[in-house]
Amino acid sequence: MGNDEFRLDLELALKFQQAACKADYTSGLVESLANPEKLLLFKEVLEGRMEICPLESVIHLGADPLPTDGLVICQHERWRDWRFVPEQIKFYRSLTQTKGRSIRGSSLLKERGIRDQCLANACLFDWFRRHRERIPEDWASTGAGNRRLCFPGTIYRDDGGHQGVRCMSHLNQEWIFTQFLRLEDLWSPNDFVLYIDPPLSR
C-alpha cells in the first residue's frame, strides 16, 4: 500500500487510542505525532535503522554561570558534574514557612536544615532554562499556590548593591526565569530552596 492509499480506519484508530492510553499519552503528545518529521523518526526506529537512547543529562555544576545583565556574582558553590535525577532534588522550607508565614531570605539560608546542604547553583538554573521540557510537571505548584524555586548556591549582587538569588516560577502554564529574590526581603511560604541529596563532592 503506498502512502497515497493510507487510511486510518475506525478499527485502527481505536487500537491506537487504546495503546496511547496504556502508554500514558496526553492529548498534547498525541497531537505532536501529527508532525511528519517526528513520524519519520518513529518509522526509522520501527524499521530498525535507528535506536532510542536516553537523553544526555550530565550537568556541569562546577562551571561558571552564564552572564546575567545587571547581576554580579558574589559567591558560587562549585560541585562535581552530576547526572540529572529529579528525585535527588529536594525542596526546603523553614518551619516558619510551613506555618504560613514569611521569613527573611538571609535568615532562611542560615538555618541548620539547609546550612550544610548541596545547594542548587546557577549552573543548574541555566540548565533548566535551556531544557524546560525536563522540569517535572509536579514542580509547578502546591495546594497553596505556585512555587518559586530558588538557587542559593550562587549569590549575586544587583546594581543597587543588594544580594540575592535567581529563581524560577510557574505562571500561566510557563516557567519564568527572570526573577531575582533579594536576601533582605521576606520570602513567602511558597518560596522553596533547592538542594541535591545525596550531596555532591566539590
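User: Before we get to helix 7, what counts as buried here?
Analyst: Buried means under 20% relative accessible area, exposed means over 50%, and partly exposed covers what lies in between, with a 1.4 Å probe and protein chains only. Helices (H or I, at least four residues) and strands (E, at least two) are DSSP runs numbered from the N terminus. This is a predicted model, in which local features need pLDDT of at least 70 and side-chain atom pairs count only at pLDDT 80 or more, while totals for chains, interfaces and linings use all residues. Residues are numbered from 1 along each chain as its sequence is written, and side-chain values use heavy atoms, with hydrogens and water left out.

User: OK, so is helix 7 mostly covered or mostly open?
Analyst: Helix 7, residues 122-130, is mostly covered, since seven of its nine residues are buried; these are Ala122, Cys123, Leu124, Phe125, Asp126, Trp127 and Phe128.

User: What happens at the start of that helix?
Analyst: There, a side-chain oxygen of Asn121 comes to within 3.0 Å of the backbone nitrogen of Cys123.

User: Which residues does Glu77 touch, away from its sequence neighbours?
Analyst: Apart from neighbours within four places in sequence, Glu77 is in contact (heavy atoms within 4.5 Å) with Leu61, Asn121, Gly153 and Arg202. Glu77 sits in the loop between strand 2 (71-76) and strand 3 (82-83).

User: Buried or exposed?
Analyst: Glu77 counts as buried because its relative accessible area is 19%.

User: And what does its side chain pair with?
Analyst: The Glu77 side chain makes a polar contact of 2.5 Å with the side chain of Arg202. A polar contact is a pair of N or O atoms within 3.5 Å; within protein, one must be able to donate a hydrogen and the other to accept it, and residues adjacent in sequence count only if both atoms are side-chain atoms.

User: Switching to Gln179, where is it?
Analyst: Gln179 belongs to strand 11, residues 174-182, and is partly exposed, with a relative accessible area of 27%.

User: How far is Gln179 from Ser169?
Analyst: The two are 10 residues apart in sequence and 8.2 Å apart in space, C-alpha to C-alpha, yet a polar contact of 2.7 Å joins their side chains. Leaving aside neighbours within four places in sequence, the contacts of Gln179 also include Arg148, Val165, Arg166 and Cys167.
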